[in-house]
Amino acid sequence: MLLDFIAAFDTIDHSILLTRREQRFGISGKTLKWLGSYLEDRTQFVSVNNLNSTTSTVKDGVLQGSVLGPLLFSLYVAPLEDIFKAHGINVMVYADDTVYHVVKPDDRTAIPKLEKCLQDTRTWTIKNKLVLSDGKTSLKIVLLALILTLGLLLSPPQTKVRDLGVIIDKHLSFTSQISNVCKSAFYALNNIRKVSKYLDSHSTEGLIHTFISSRIDNCNSLFCSLPVAEIAKLQRVQNGAARLVTGSKRTEHITPTQRNLHWLAVEQRSCLLVSKALNGMSPSWLKELIVQYTLARRLRSCNRGFLKNV
């Protein structure tokens with residue numbers, strides 16, 4: 001179940017936030033006063049053609065682009081976790097965009113449980129001056145290659161949804177996601193090519209990593225075990241970027257070029273996160289989710305690096 005709030009950062013009530021930080025998290029004394037001074041005594045007005053509106057006091061909202069904004073929002077919605085746990089639902093919260101609930105596939109009470117949880121969530125959000133976006137809030141049930149939406153919501157059934165920037169289709173093939181990545185990456189690549197003659201190779205490579213590699217690497221662990229034809233689409237984007245940086249021709253073999261640039265192929269990059277987790281180079285919470293599978297007896301496949309389904 002994906003929850004999305006309308007103008008979430010703008011609707012945070014300062015008095016509720018300060019009370020919650022003191023009662024739930026034990027923030028008091030000078031620290032609470034310091035955080036209070038960050039929120040309180042702010043004013044705003046509208047200026048058009050040197051004409052200013054009446055000044056009004058800002059009693060709601062935190063700056064979304066600030067360092068403290070996401071943290072303050074997370075503290076504000078922390079009680080939502082109590083609602084999820086009360087319904088026996090595992091939860092992962094990511095800022096204001098998504099609350100992702102996971103239930104076991106063999107749980108026959110999953111749908112009624114999620115319906116009741118959503119009702120309680122709506123009640124809580126109304127009391128705390130937050131508004132759920134019915135157009136973006138949805139329940140995804142991956143069952144027999146279908147994605148359904150609860151009738152409780154206003155949005156119609158969807159064959160694909162966007163979660164944290166990733167397009168998830170009903171077959172979990174990620175074809176739409178890869179097509180979207182390739183389209184935006186090729187657009188950026190063409191723009192970089194237009195200005196590359198004014199840049200050195202180092203600056204060009206910096207632009208490539210900023211506008212293209214970042215798109216290819218975003219949630220690329222989802223691309224593991226996908227058909228070769230789908231991975232090849234992303235590989236063509238990287239090949240074009242490598243040729244642009246080095247000035248090599250399309251007739252030249254790309255593997256030596258990528259080796260000289262120290263670039264991993266797309267298929268290898270998608271496994272990089274797993275490799276870091278297995279070698280202690282990732283956060284502890286991620287390392288706990290990736291466990292090597294130990295066979296009961298010694299076989300030739302012991303060294304193939306199978307992972308356990310946690």
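## S196 and the helices around it

S196 sits in the loop between α6 and α7. Keep in mind that this is a predicted model. The protein has 310 residues, and its secondary structure comes to 12 helices and 10 strands. Here is a quick tour of S196, the helix pairs α6/α7 and α7/α8, and how far to trust the model.

**The loop residue S196**
- With a relative accessibility of 17%, S196 counts as buried, because the cut-off for that label is under 20%.
- Beyond its neighbours within four places in sequence, S196 is in contact with T204 and L244.
- S196 and L244 are 48 residues apart along the chain, yet 8.1 Å separates their C-alpha atoms.
- Both partners turn up again in the helix packing: T204 belongs to α7 and L244 to α8.

**α6 against α7**
- Helix α6 covers residues 175–195 and helix α7 covers residues 201–217; their axes come within 9 Å and cross at roughly 170°.
- That angle is over 145 degrees, so α6 runs roughly antiparallel to α7.
- On the α6 side, the residues in contact are V181, S184, A185, A188, L189 and I192.
- They meet T204, L207, I208, F211, I212, R215 and I216 of α7.
- Sorted by type, the residues of this contact come out as 10 nonpolar, 2 polar and 1 charged.

**α7 against α8**
- Next up is helix α8, residues 228–246, which packs with α7 at an angle of about 170°, the axes being 9 Å apart.
- Here too the angle makes the pair, α7 and α8, roughly antiparallel.
- From α7, the contact takes in S201, T204, E205, I208, I212 and I216.
- Facing them from α8 are L234, V237, Q238, A241, L244 and V245.
- This contact splits into 8 nonpolar, 3 polar and 1 charged residues.
- T204, I208, I212 and I216 of α7 take part in the contact with α6 as well as the one with α8.

**The protein as a whole**
- Buried residues account for 36% of the protein.
- Counting contacts between residues at least 6 apart in sequence, 55% join residues at least 24 apart.
- The exposed area is about 19800 Å², with carbon and sulfur atoms supplying 55% of it.

**How far to trust it**
- The average pLDDT is 80, and 83% of the residues score at least 70.
- Residues 141–155 are the stretch to watch: pLDDT stays under 50 there, although the model has 38 contacts beyond four places in sequence for them.
- Where pLDDT is low, predicted coordinates shouldn't be read in detail.

Note on methods
Residues numbered from 1 in each chain as written. Predicted model: local features only at pLDDT ≥ 70, side-chain atom pairs only at ≥ 80, totals over all residues. Heavy atoms only, no water. Axes fitted to C-alpha atoms, helices over the stretch in contact; angles between N-to-C directions. Helix = DSSP H or I, 4+ residues; strand = E, 2+ residues; numbered from the N terminus. Parallel < 35°, antiparallel > 145°, perpendicular 65-115°, else oblique. Contact = heavy atoms within 4.5 Å. Nonpolar A, V, L, I, M, F, W, Y, C, P; charged D, E, K, R; others polar. pLDDT = per-residue confidence, 0-100. Buried < 20%, exposed > 50% of the residue type's maximum accessible area, 1.4 Å probe, protein only. Areas by Shrake-Rupley, 256 points an atom, 1.4 Å probe, with all protein chains shown as cover.
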